[in-house]
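Work through the exercises below with the sequence and the model at hand, and try each task before reading its solution.

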Amino acid sequence: MSSQKKANFQIEAFKHRVVVDPKYAEKTWKILEHAIHEIYNHNASGLSFEELYRNAYNMVLHKFGEKLYSGLVSTMTSHLKEIAVSIEASQGALFLEELDRKWTEHNKALQMIRDILMYMDRTFIPSTHKTPVHELGLNLWRDNIVHTIKIQMRLKDTLLELVQRERAGEVINRGLMRNVVKMLMDLGSSVYQEDFEKPFLVVSADFYRGESQLFIESCDCGDYLKKAEKRLNEEIERVSHYLDAKSEVKITNVVEKEMIESQMNRLVHMENSGLVNMLMDDKYEDLGRMYHLFRRVPNGLSLIRDVMTSHIRETGKQLVTDPDRLKDPVDFVQRLLDERDKHDKIITLSFNNDKMFQNALNSSFEYFINLNTRSPEFISLFVDDKLRKGLKGVSEEDVEIVLDKVMMLFRYLQEKDIFEKYYKQHLAKRLLSNKSVSEDAERSLILKLKTECGYQFTSKLEGMFTDMKTSDDTMKGFYTAMGSELGDGPTLVVHVLTTGSWPTQSTPTCHLPSEILTVCDKFKMYYLGTHSGRRLTWQTNMGSADIKATFGRGQKHELNVSTFQMCVLMLFNNGDGLSYREIEQATEILTVDLKRCLQSLACAKGKNVLRKEPMSKDIGEDDTFFFNDKFSSKFYKVKIGTVVAQKESEPEKQETRQRVEEDRKPQIEAAIVRIMKARRVLDHNNIVAEVTKQLQSRFLPNPVVIKKRIESLIEREFLERDKDDRKLYRYLA
């Protein structure tokens with residue numbers, strides 16, 4: 001089979017020979033050149049743009065694009081040189097106006113020329129990588145007008161002078177400025193930056209450097225900040241009116257650096273008007289201005305925070321260590337709350353609720369509240385005051401606000417267990433004397449403490465409320481069962497308190513009157529008969545009594561007294577005058593309690609149902625007491641309170657502290673065992689760190705105490721020391 005040969009076909013372009021007049025290019029260019037001259041001379045109305053477009057089209061088509069392009073460059077250049085002379089000749093303020101007018105005309109001319117040469121712009125220019133007509137026009141304007149020696153410097157100086165005059169308060173032609181600056185921007189960002197922006201920023205820096213120096217010497221801090229803010233806003237406004245939007249960041253940086261950053265240390269510490277004075281005088285507006293200006297510069301807010309922290313700590317330290325302030329615990333805590341409210345308001349109104357400042361405030365309060373070891377006791381006394389009388393007639397919402405403020409202070413305490421100790425004592429007194437203003441408020445605070453510290457913290461407090469409720473039911477049962485046997489004897493109300501839930505106190509001795517003792521014994525018999533395996537101990541120091549008394553001229557009163565006071569007063573049914581020694585022997589009340597008791601009965605003005613000889617404020621062991629026949633009061637019911645220090649005396653304080661330290665030991669040991677059980681082997685420093693971390697929600701354990709508890713656990717064989725490394729402990733299962 002023979003192979004076929006492949007035929008190769010070639011298609012050639014159709015050759016159409018157009019005979020062109022040798023002078024065609026020259027003639028056509030002359031027509032176009034004339035048109036360009038006419039356009040620049042404002043005689044464009046007589047031109048036929050369609051014809052001119054066709055001529056330009058044909059020149060490009062007939063490969064005369066190069067001639068057309070070079071002719072355009074030379075023609076435009078010659079016109080622009082003439083325009084440059086005209087602009088240079090303009091005097092004073094007319095310079096910018098002439099420049100602006102000629103620029104506008106050039107743009108119009110350029111648009112017309114671009115329309116005529118559209119075909120060249122679309123075909124010839126891209127293929128030869130030349131500059132498009134519009135861009136060419138801008139470049140030629142730049143090189144022949146803006147960058148000529150005479151115009152370039154004059155333009156820069158004129159623009160900067162106008163800005164300077166505007167800063168000095170003069171009104172300038174912003175429209176003209178906008179047009180000229182826009183021209184520089186149209187010529188390219190580098191032209192705008194090199195010919196105007198860079199020198200503008202340099203001059204501005206010099207101006208604001210000088211002005212800040214002038215202001216800092218003559219103004220106080222508040223006025224300086226107002227002026228700085230005004231200048232900053234002026235520059236932002238200036239940018240929006242006639243500068244490139246990108247210039248805003250650059251010029252505001254200049255103002256910030258020269259007017260704020262360079263002077264911020266001096267401003268903050270300015271005598272009589274700096275940050276501390278603003279904080280003390282609640283200058284919310286000035287503080288807000290400082291915050292918003294300083295946040296614009298590096299480390300500005302950190303500086304405010306550090307100075308504020310230092311001031312709050314110093315103020316707080318004076319507050320909690322001033323001996324005069326410690327005389328009134330309620331006033332002490334109220335001042336802390338006022339201080340907190342004051343700075344909270346500043347942070348909210350002036351510092352935009354900034355977390356940085358809230359954290360600084362919290363750390364400052366935590367620092368100085370814990371400088372005073374009595375803070376937990378005082379906060380509990382404040383709560384006690386509020387829940388006894390301070391919140392009477394106050395709405396639920398306001399009660400919650402007060403309780404939330406108390407909780408805020410409570411969170412700062414490092415020794416929360418000490419607060420718990422005092423709170424339990426104060427709550428017990430409120431419940432037993434029925435002096436709480438609102439059970440809802442009491443329960444609300446316990447719920448808040450529970451949320452904050454967990455069930456373990458409040459379980460005993462909740463147990464106290466349970467006991468009060470159970471006691472009411474017990475009393476109803478007692479009177480139902482024993483009512484007929486009691487006859488007309490004294491009415492007894494007993495609160496049965498669970499030993500673990502209530503504050504532990506040594507049972508004080510007190511010899512009750514026989515009338516009372518009879519009823520007490522009957523109650524004891526009833527209670528132990530209904531509850532097996534229990535033991536009752538009378539807490540006479542925690543009781544109260546209502547007794548009826550008849551004074552001179554048959555005047556009758558009902559006296560509300562403590563159990564101790566009742567025991568003393570009942571003695572006077574059998575005799576008018578009794579010596580201190582006789583009373584002490586008959587009642588067997590401890591000396592310190594008896595003296596307080598007698599002081600309140602004989603020395604309190606308006607409540608002195610007894611009189612003593614010799615008359616003095618203090619009780620002496622040689623004093624004699626008489627029933628005061630002349631006692632009178634406009635009230636039928638008279639409450640006689642016991643003279644007692646609101647806050648603990650030094651020995652009581654020491655005793656409470658010792659009890660707290662004892663309570664902490666098992667908690668520390670439990671934490672050590674928990675940690676070691678999980679980790680098995682751990683070195684001393686890590687145990688201390690872990691124990692501190694676990695217990696810090698209740699108290700900050702002392703490393704020395706932790707070491708002693710570890711020793712105790714080693715003795716009881718919960719842990720052992722490593723044989724090789726004495727600082728390493730092992731858990732013994």
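The exercises that follow treat overall form and then surface charge.

This is a predicted model, in which local features need pLDDT of at least 70 and side-chain atom pairs count only at pLDDT 80 or more, while totals for chains, interfaces and linings use all residues. Residues are numbered from 1 along each chain as its sequence is written, and side-chain values use heavy atoms, with hydrogens and water left out.

**Exercise 1.** Decide whether the protein is spread out or compact by the globule rule.

Solution. Begin with the elements: the protein has 29 helices and nine strands, which are DSSP runs (helices H or I, at least four residues; strands E, at least two). Next, compare the radius of gyration, taken over C-alpha atoms, with the globule rule, 2.2 Å times the number of residues to the power 0.38. The radius is 48 Å, well over the 27 Å given by the rule for 733 residues, so the protein is more spread out than a compact globule. Finally, the C-alpha trace spans about 155 × 95 × 55 Å along its principal axes.

**Exercise 2.** Find which helix gives the most to the negative surface patch, and classify E397 by its accessibility.

Solution. First, list the patch: E396, E397, D398 and D440 form it, where patch residues have over 30% relative accessible area and no salt bridge (a side-chain nitrogen of Lys or Arg within 4 Å of a carboxyl oxygen of Asp or Glu), and like charges are joined within 9 Å. Helix α19 (residues 396-412) gives the most, with three residues. E397, found in this helix, has 56% relative accessibility and therefore counts as exposed (over 50%; buried is under 20%, partly exposed in between, with a 1.4 Å probe and protein chains only).
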